[in-house]
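Morning, everyone. Please have the model open in front of you, and I'll walk you through a few parts of it.

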2 protein chains.
Amino acid sequence: MVTPPPPEAADDAAPGDEVGLDPAVVARALAALDGGDADAVRAIARELHYSELAQLFGLIRPESRVDLVDALRPVFPAEIIPQLDEALRDEVAGQLGTDDLARALANLDTDDALYLIDGLEETKRNQVLLAIPRAIRAQIEEGLAFPEDSAGRLMQRDVVAVPAHWDVGTCIDYLRRGQDLPDDFYDLFVVDQRHRPIGWVPLDKFVRAQRATRISDLQETDFEPIQADMEQALVARMFKDRDLTSAPVVDAGGRLIGTITIDDVVDVIESEAEGGLMRLSGVAGSDVHAPVLSTARLRSAWLLVNLCTAFLAASVIGLFEASIAKVVALAVLMPICASMGGNAGTQALTVAVRALATGQLSAANAARIVVKEGIVGSLNGFLFAILTGAAAWLWFQDPAIGLCIGAAMMINLIVAGIAGVTTPIVLDRFGIDPAPSSAVILTTVTDVTGFFAFLGLATLFVL
Amino acid sequence: MVTPPPPEAADDAAPGDEVGLDPAVVARALAALDGGDADAVRAIARELHYSELAQLFGLIRPESRVDLVDALRPVFPAEIIPQLDEALRDEVAGQLGTDDLARALANLDTDDALYLIDGLEETKRNQVLLAIPRAIRAQIEEGLAFPEDSAGRLMQRDVVAVPAHWDVGTCIDYLRRGQDLPDDFYDLFVVDQRHRPIGWVPLDKFVRAQRATRISDLQETDFEPIQADMEQALVARMFKDRDLTSAPVVDAGGRLIGTITIDDVVDVIESEAEGGLMRLSGVAGSDVHAPVLSTARLRSAWLLVNLCTAFLAASVIGLFEASIAKVVALAVLMPICASMGGNAGTQALTVAVRALATGQLSAANAARIVVKEGIVGSLNGFLFAILTGAAAWLWFQDPAIGLCIGAAMMINLIVAGIAGVTTPIVLDRFGIDPAPSSAVILTTVTDVTGFFAFLGLATLFVL
């Protein structure tokens, strides 16, 4: 019954086969916005999925965004707000104004509303909270009491909780009455008299069961409830490892207070996975829409740290000024050794940071992995010592220079491998998130080692 | 009803509050393995979730892994295999042997089995395929016909398809009979007579509906079916943007041939998000368990590319040997300028690669973002020109050197910002994945510019 597509089909540009919005739609929207035709704008917005509409906001100029918000204002779709990057969200929130923003937020799930409210500056936040209906406001304020990056901030407050002694038929009738149910749910949670979760029934299992089946016979009990103060990164790991679609959240007394669903966790998984990359270079995720001045300011902090380490490396070179004055070839070759160390170290670092995050690197196997990186460093060190040494010898017609850079390369690649894996392990041991800080420590080590080893050896043996 | 935990509770090490397996469990498992007590090993394995058991494989020595596979062989839990890193998976698959491996694979969902089989070397793959029951083998072979990284490889073949004219009661009866249903499902797909998807009903909506409700009145039609040859990265983006839990997959004729569920997509989302980071430095995700020799070989390819660019940068320095011989301070300071350019460029690059992947950067706004990065580069260039220039002046007591390195810093940070964002845009325009190749192009540009600008200016104005 399955017919794999003919090979040439893969080349067809099927609709939706490109990331991003159809440029024709963007052009039509811009034409409608420039022409001031609000009806046409709303018609285009209706055609689009809310995620596409959110994308449109990012692709047009700031002036057109103002027009777009105004055109959509009477029918502003709340769902797009969580999809906007941070800088855009602030802009749109500011332009919507307190009342329209409050109305939009009241239509969102509590976790999304919470996330957005938390991102507002304090005066604006208080104004918006006051404009939100009291019951929803109370839920949001309770949510804000949980630590940032905790499970409590991710959870949806409406839950489907049923007692174990009910049968499937009773549950179905309860669900059909449908009061206070969440918008979307994937599992029924079974609770005891004190409202503590004791099991769960996936919906697909539930719909396949006969009406008379007792929930206690149907429930699965292989689960760990999530503490409301658990770190979101750990929640994400649990969802991923156990292939969950939703999970119960409990308070300190073990009582069910909400659920976390996979759609919220997906965002955490993505930002955790790319977190390393973004944080390593000191940039925030939303940067593409952030104003120029705040972008420059944010990035300058990281550049300042790098400037200090660059001067530290330069001061190592400074120790050998006399040698360089005698043999200028040293100056020409020295960046090679440092740069190769930086690259090799980053390879080991990348693997170690990921392995730490996934629990694949722990005290049980740390020593083994450090030894392994040392051996990998030696092997590649040997290979590149020969390549670089031979090239340097040929270039400067001096075997001693070739020997020195070869030996320095060997040393630096071994140091790089070992430092690349021990730096994040040590930081992690001291409770410091290794992703953002490891890289700068590592490149300092490899620069200093690279310059010192090469120039030092050359001072001893070439001069 | 919600009681946020008292602040001190956050410091309690609640069970499960650490990534990774409890060290006590690892120790018990090792003791049982070393003692050759297979019953005790199986008892420990039964206590663990399959994701924890998979973790245990990674934390113990290779010799103990052999014992662990042997102890578990009679009851080997197939679910752990997809959770193992690539190198471990090959090791375990090899040790299980053809028949036990085939039995394990036959118990997995088709997409997982497909993924594992595809990773085996050809002779082994054919042996295992022959040992798998014929019906499952046929499904797997059909799956292998889809391009790697296509939606077809991710999909589960069993689907829940119902006609629009059924009512809820008929559907429930059909589900309760439950033949050929997938293990897990979250949505019912509504198909026309030609088995083409025309709508879908989320299970939570389904269980809330009355028995007499027609599916046609219940179905949601706001969906795009996924072509079997669609790229997995685009599938992941669609799931994320639209908060899907499952989606129908269609063949070239538009007929429903399978479903993709969120648990498979989560893996794609994670590897796409971290892909940049891993691929930028030429390491594969599973590297922590890969054998030393293949790790060294894989990484050396990337280091070789970097060696070539390092020699290119060195040759730029070589042009100015005469200047360096006269003023050794140039050699001391020149790496600072190159290193700052590399860091600033990587910041712009990181943002651009992510924005391209999420559709936030396209032809519509590319020019605006390039200009923005140019301005950010000028602002930080100006700041760091002053800082570096002043520091260099003080260090070497020479205002001309300070002016030269300041000017070179300004030039390199502007070039870095513009190159950081244009490099991935241009690669993407030519259909090349920007993540792996951008970084090496960029650092070559910033190294060459940094050395050339500083040494060139110094040759003109300092000597």
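One term before we start. A helix crossing is called right-handed if the near helix is turned clockwise from the far one by less than a right angle. Also keep in mind that this is a predicted model.

Now to a helix pair in chain A. Helix α17 of chain A covers residues 329-357, and helix α18 of chain A covers residues 366-396. Their axes lie 12 Å apart, at an angle of about 160°. Angles over 145 degrees count as roughly antiparallel, so α17(A) is roughly antiparallel to α18(A). The handedness? α17(A) passes α18(A) in a right-handed crossing.

Who meets whom? On the α17(A) side, look for A:Ala329, A:Leu333, A:Ile336, A:Met340, A:Ala344 and A:Ala348. Across from them, α18(A) brings residues including A:Glu373, A:Gly377, A:Phe384 and A:Phe396. By class, this contact has nine nonpolar residues, three polar and one charged.

Next, the domains. The assignment splits chain A into domain 1 at 20-149, domain 2 at 161-279 and domain 3 at 291-461. The centres of domains 1 and 2 of chain A are 29 Å apart, taken over C-alpha atoms. Five residues of domain 1 contact six of domain 2 in that chain. The domain 1 side has two nonpolar residues, no polar ones and three charged.

Last, the two chains together. How many residues of chain B are in contact with chain A? The count is 125, and they touch 125 residues of chain A. Helix α17 of chain B, residues 329-357, gives the largest share of the chain B side, with 16 residues. That side divides into 70 nonpolar, 32 polar and 23 charged residues.

How values were computed. Residues are numbered from 1 along each chain as its sequence is written. Chains are lettered from A and ligands numbered from 1 in the order in which they are written. This is a predicted model: local features need pLDDT of at least 70, side-chain atom pairs count only at pLDDT 80 or more; totals for chains, interfaces and linings use all residues. Axes are lines fitted to C-alpha atoms, for helices over the stretch in contact, and angles run from 0 to 180 degrees between N-to-C directions. Helices (H or I, at least four residues) and strands (E, at least two) are DSSP runs, numbered from the N terminus. Angles under 35 degrees count as roughly parallel, over 145 as roughly antiparallel, 65 to 115 as roughly perpendicular and the rest as oblique. Two residues are in contact if their C-beta atoms, placed from the backbone, lie within 7 Å. Ala, Val, Leu, Ile, Met, Phe, Trp, Tyr, Cys and Pro count as nonpolar, Asp, Glu, Lys and Arg as charged, and the others, Gly among them, as polar. Domain bounds come from an automatic or database domain assignment.
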